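Me: Mind if I quiz you on the wording people use for a model like this one? Here it comes.

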Amino acid sequence: MKDNERFISEIASLIGSGRLAYVRSFGCQLNVSDGEKIKGVLKRAGYGFTEDESLADLIILNTCAVRESAEDRVFGIVGSMKKLKEQKPGLIIGIAGCMTAQSHIADKIKRSYPQVDIVLGTSAISALPELLLGALKGKGFGEDITEYDDFSGAVEQVRESSFKASVPIMFGCNNFCTYCIVPYVRGRERSRQPEDIIAEVTQLAKDGYREIMLLGQNVNSYGNDFRDGMTFPQLLRRLNEIPGDFIIRFMSSHPKDASPELIDAIFDCDKVAKHLHLPLQSGSSEVLRRMNRRYTFEKYMETVELIRSRDPGFSLTTDLIVGFPNETAEEFEETLNAVRQVKYDNIYSFIYSRRSGTKAAEMEDAVSEEEKGQRMRRLLEVQREVSTENYKRFVGRTLRVLADGTAKKRTGYLTGKSNEMIIVEFPGDESLIGQFVNVRITGSMNWAVTGEITEG
Ligand code: SAM
Ligand code: SF4
Ligand code: F3S
């Protein structure tokens with residue numbers, strides 16, 4: 001165990017007051033949550049925070065490796081920081097997150113980016129104080145990618161929002177979908193103890209948080225690593241009993257493990273959002289087999305039908321990959337048909353990105369990048385048609401919305417998410433941000449609905 005208290009107080013006395021840190025997280029919400037923990041450590045060491053990297057004395061990039069484009073962005077940013085470092089020689093630059101867990105990337109950082117002082121692994125936030133102290137004392141490059149911590153208990157965090165909080169319930173992934181780097185960079189599944197999660201959510205509710213997002217790569221396998229532990233549906237029921245006015249969301253839910261018990265819990269628990277993110281990835285059972293997703297499209301549809309038999313308008317969203325190696329035109333058509341059939345309220349679609357070290361990286365791929373781009377555009381077109389039609393169902397209804405900011409293009413309007421995860425825009429005062437309001441829906445578009453605040 002590291003003597004972090006000593007390192008932290010040494011840093012605090014070394015840096016004095018007024019030092020600023022810039023921490024930027026890329027990728028999924030689990031990474032954003034890690035970024036909040038990194039900020040928690042830095043706050044204790046005496047740092048303030050800035051959103052402007054040119055003002056920072058310490059820069060930490062918390063990286064994502066899920067697609068090549070995410071890595072390229074980070075390399076671009078680190079490259080541009082060379083100049084910043086020349087202008088401010090005392091500046092410390094650290095790279096954390098999923099990119100550091102791939103040895104060829106870590107080697108590239110060390111070889112080609114001498115401006116980087118610290119490399120920190122995905123489970124090594126507790127090593128940050130020692131590395132930072134070394135860098136402040138001019139000890140040169142420091143790296144620690146050991147798997148130390150998963151923060152089962154409470155950890156000080158500097159949360160991005162004062163009303164929406166992410167709570168990781170598990171770490172890692174066991175699924176090894178053939179395209180995906182996550183199991184290689186985040187290790188095997190480890191569930192947090194239910195008592196720790198319950199205590200954290202109870203505290204967040206007391207602190208006035210209105211949205212609690214439970215996070216895991218596959219929340220449905222929560223507790224599989226406990227001997228007689230709690231399952232995810234049981235955890236939802238337990239969290240639903242915590243007093244307070246808040247909504248519970250979760251992601252991601254792997255379709256192979258989305259059980260009838262999960263669906264019962266969603267309908268039974270008044271605090272659990274009436275929305276399910278159910279990543280399909282492809283509408284073709286043959287592509288799903290090559291992806292190692294371990295469900296067929298027919299099996300996926302059984303879950304969809306079970307949910308929709310209880311609420312025909314139930315909101316579903318999904319992730320889709322376009323252009324998986326050797327995806328045929330017919331297989332892609334099956335994805336378009338799936339989108340039309342399920343009628344998602346929203347999709348998150350990605351062009352397949354080859355990740356070295358994964359099984360799919362070895363697969364032959366005759367589909368051109370141009371063809372993949374065209375398929376992506378068609379998919380987005382079909383989804384636009386689907387959501388234009390879908391969103392009409394809300395007109396005339398009153399939705400409970402958590403106001404979360406001002407609308408970008410309309411002055412005097414606020415934006416928020418309904419219980420069903422639909423974007424809602426409505427006229428309102430900024431003082432309402434962070435509160436639940438009831439909005440009567442009067443109009444719909446293909447990406448949001450609009451309406452007016454009403455009392456009931
Ligand atoms: N664990 C979640 C699940 O199984 O649904 C997904 C987490 S992953 C960080 C988010 C999304 O990124 C995936 O659902 C998938 O659509 C996409 N993704 C992952 N690897 C990819 C790759 N190599 N190329 C393109 N998209 C990818
Ligand atoms: Fe990646 Fe599949 Fe694990 Fe999701 S379930 S993180 S897509 S390997
Ligand atoms: Fe990216 Fe790592 Fe998340 S690879 S998507 S930040 S788990």
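What follows is a short back-and-forth about one strand and the cavities.

Reply: Sure, ground rules to start: this is a predicted model, where local features need pLDDT of at least 70, side-chain atom pairs count only at pLDDT 80 or more, and totals for chains, interfaces and linings use all residues. Residues are numbered from 1 along each chain as its sequence is written, chains are lettered from A and ligands numbered from 1 in the order in which they are written, and side-chain values use heavy atoms, with hydrogens and water left out.

Me: Why is strand β10 called largely enclosed?

Reply: Buried means under 20% relative accessible area with a 1.4 Å probe, protein chains only (over 50% is exposed, in between partly exposed). In β10 (residues 211-215), 5 of the 5 residues are buried, so the rest of the structure largely encloses this strand. Glu-211, Met-213 and Leu-215 point one way, Ile-212 and Leu-214 the other.

Me: How do you know that β10 and β11 pair?

Reply: Pairing takes at least two DSSP bridges between strands. β10 and β11 (residues 247-251) have 5, in the parallel sense, so they pair by that rule. Ile-212 stands opposite Ile-248 there.

Me: What makes the lining of the largest cavity nonpolar?

Reply: Ala, Val, Leu, Ile, Met, Phe, Trp, Tyr, Cys and Pro count as nonpolar, Asp, Glu, Lys and Arg as charged, and the others, Gly among them, as polar. This lining has 8 nonpolar, no polar and no charged residues, among them Phe-75 and Tyr-113.

Definitions and conventions. Helices (H or I, at least four residues) and strands (E, at least two) are DSSP runs, numbered from the N terminus. On a 1 Å grid over the protein atoms alone, a cavity is a set of points where a 1.4 Å probe fits but cannot get out, and a pocket is an open set with protein on both sides within 12 Å along at least five of seven lines; lining residues have an atom within 4 Å of a point.
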